[in-house]
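Thanks for making time this morning. I would like to take you through one structure, and I will stop at two places in it.

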Amino acid sequence: MKCKVFLTSTVYSDTLSVLNSSHFEVHMRKDDEPVLTEEDLIRIAGEYDALVCNISNKITSKVITAATKLKFISNIAVGHDNIDLDAARKKNIIIATTPGTLHRSVAEYAIGLLLMASRKVSTHQYQQKTEGYPNWAPTYNTGLEISNKEIGIIGLGQIGKEIGRMLHFGFNSKIYYLKNKSVPKTDYKITPLDKNQFFSRMKFIIIACPLTEKTKNLIDDNELNSIQNDSVIVNIARGKIINQKALLKYKNKFRGIGLDVTDPDPLPLGHQILDDPNFFITPHIASATDEARGEMIKRALKNVYNYMHLEDSNDVNIIN
Ligand code: GLV
């Protein structure tokens, strides 16, 4: 019998060949169809053997509990906080993700946002396009250099390490990280700081850790209170790692706040922080390059092929 696979979004057609028609029956949604609801996902979990989804699909415990057929979920993402892992574990449903495919794109974007928040590129562009610019003046609208600075990274996994590498070798930055249990290995110098030292010393902070119960609201009133005036913060991980209400309270301390992720994610139009000139906000697109998205999709489909057809878990990025 063929393995039935449901793809919640459209993928590049040349990547689909791995799920060949002799072994797989594939249903792929078009991106202009209405967003899938929990009810839709419950139905799909009862009809398909494998699901290829992404961070905008909430795979709740209700979806998983209702899964009479589903055995495998392949998330086109490195994060997996859109999936209820406990529920999946209880049901023996395997979850796989796509590490190793997007760290370069995300790191480049994080540095782009760091530059954006430090130099306010989009503000100047907007002003130039809408009001025109007054004459060049020596003290007008200055930003901050990032070269040779101390930069603190929260989360030195594959993405955080790549950000540090690019900053170290490209900008001669001194890389610090928020100390936790593991000691990351890098080919450049990194210095751990405990929480108090990290937030009171780092004037450039980049968040690159996964969202877990431990990292939710990791940056809250206390941390924001100890951050120095005129700092720059960038989040390319998950919005809920910063308490956004607290961030609004302390926003004027910052030279710039670059957020590719927010709470909620994406933000609805008209949200308060969209109008604030200190916030530089983009809609969770740090991995959106032709290169990374192509690799992420290929990896996600290969995970399905290897696990469901070859029945070989070795080359499948299983996380549960
Ligand atoms: C994107 O945020 C991902 O987790 O891949």
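Which residues does I227 touch, if we do not count those up to four places away in sequence? Before answering, I should say that this is a predicted model, so please hear every value that follows as computed from it. The residues that I227 touches, with that sequence neighbourhood set aside, are F199, I205, K253 and F254.

As for where this residue sits, I227 belongs to the loop between α8, which spans 221-226, and β10, which spans 231-235. I227 has a relative accessible area of 2%, and because buried means under 20% on that scale, we call I227 buried. For a separation in sequence and in space, take N196, which is 31 residues from I227 along the chain, while the two C-alpha atoms are 9.6 Å apart.

Now let me turn to the ligand, which is surrounded by I55, A77, V78, G79, L102, R238 and H284. Sorted by class, that shell contains four nonpolar residues, two polar ones and one charged one.

On the polar side of the description, an N or O atom in the side chain of H284 lies 2.6 Å from an oxygen atom of the ligand. The backbone also takes part in this list, since a backbone N or O atom of V78 is 2.8 Å from a ligand oxygen atom, and for G79 a backbone N or O atom is likewise placed 2.8 Å from an oxygen atom of the ligand. Taken alone, the ligand exposes 190 Å², and the protein buries 88% of that area.

Key: Residues numbered from 1 in each chain as written. Predicted model: local features only at pLDDT ≥ 70, side-chain atom pairs only at ≥ 80, totals over all residues. Heavy atoms only, no water. Near = heavy atom within 4 Å. Polar contact = N/O pair within 3.5 Å; in protein donor to acceptor, adjacent residues only side chain to side chain. Areas by Shrake-Rupley, 256 points an atom, 1.4 Å probe, with all protein chains shown as cover. Nonpolar A, V, L, I, M, F, W, Y, C, P; charged D, E, K, R; others polar. Helix = DSSP H or I, 4+ residues; strand = E, 2+ residues; numbered from the N terminus. Buried < 20%, exposed > 50% of the residue type's maximum accessible area, 1.4 Å probe, protein only. Contact = heavy atoms within 4.5 Å.
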